[in-house]
Amino acid sequence: MTTLSYAARDARTMLRRNLKHALRYPSMTVSVIAMPVLMLLLFTYVFGGALGTGIGGAADGSTEYIDYVAPGIILMAATSGALATAVGVCVDMTEGIVNRFRTMAISRASFLTGHVVGSVLQTLVSIAFVIGVALLMGFRTHATPLGWLAAAGLLTLLTLALTWLAAAIGLVAKNPETASNIPLPFQFLPFLGSAIVPPESMPTGLRWFAEYQPFTPVIETLRGLLMGTGVGAEWIAAVAWCVGLTLVGYLWARSAFRRSATR
């Protein structure tokens, strides 16, 4: 077998390990799924009437508001998985299992690869669940099959970017509590974008931040794909942000993992 074959085999082993952990201890996975679902229920049925005024076409604004807010909440499902990744990596680092792995004849890259791939798969499952709930609540998409495929690709790319960043955070965090707190901005930044209301309705300073932060072009691209309204040039910024964050997260995680071996 070649070196690449050994690395792929070890990565599959680590992937199975992480998926078994997720099945054995499902509380973290359930919380990752529950948070965006609760947000969807809250912003549709509690705040939808007020926030949807001027966005939806119904008298109270709530019926069509779900068509506006659902893509933003679906993106939040992608950000929620970052917390579980950071905690999982940090637990392995602080409990000493990584030191044990380093004494074994396995690929050094397999530890991070297993965590990242496993977390991406779990997050994509939670995204699919949130989409299903949104459809049951009245979300009406006009996406073509190609639009759905593009939306799935964008969400996968965003999930991969956030997962690598979360893995790096888990490597540098001193304990699982710290690892669970650092990724929280990932979950709340979409609120300061176009996930809930259009940036045009915000005060000037906040509107400027909302228009130029990373999540807004991703949300707008996802909304255009799912609603069939077109994406314009937003998709270029969305893909650029996702690719850039992926590279930053990967390089940071690789560097942090190497430094941890010298501690």
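In which helix is the place of R24? R24 lies in helix α1, which covers residues 3-24. The model described here is predicted.

**Charge at helix α1**

R24 is exposed, its relative accessible area being 56%, a value over the 50% cut-off for that class. On the surface, R24 joins R12, R16 and K20 in a patch of positive charge.

**Helix α2 and a contact in space**

A34 belongs to helix α2, residues 27-46. With a relative accessibility of 30%, A34 is classed as partly exposed, because that class lies between the limits of 20% for buried and 50% for exposed. In sequence, 43 residues separate A34 from A77, while their C-alpha atoms are 9.1 Å apart in space.

The two residues with a stated accessibility are set out below.

| Residue | Relative accessible area | Class |
|---|---|---|
| R24 | 56% | exposed |
| A34 | 30% | partly exposed |

**Helix α12**

Helix α12 runs over residues 234-260 and holds 27 residues. At 1.5 Å a residue, a span of 39 Å is expected, and the C-alpha atoms at its ends are 39 Å apart, so the two values agree.

Which residues of α12 are buried? They are A238, C242, T246, G249, A253, A256, F257 and S260. L247 also has its place in helix α12. L247 contributes to a nonpolar surface patch of about 620 Å², together with W235, I236, V239, V243, Y250 and L251.

Methods
Residues numbered from 1 in each chain as written. Predicted model: local features only at pLDDT ≥ 70, side-chain atom pairs only at ≥ 80, totals over all residues. Heavy atoms only, no water. Patch = residues over 30% accessible without salt bridge, like charges linked within 9 Å, V, L, I, M, F, W, Y side chains within 5 Å. Areas by Shrake-Rupley, 256 points an atom, 1.4 Å probe, with all protein chains shown as cover. Salt bridge = Lys/Arg side-chain N within 4 Å of Asp/Glu carboxyl O. Lys, Arg positive; Asp, Glu negative; His and termini not counted. Charge placed at Lys NZ, Arg CZ, Asp CG, Glu CD. Helix = DSSP H or I, 4+ residues; strand = E, 2+ residues; numbered from the N terminus. Buried < 20%, exposed > 50% of the residue type's maximum accessible area, 1.4 Å probe, protein only. Expected span 1.5 Å × (residues − 1).
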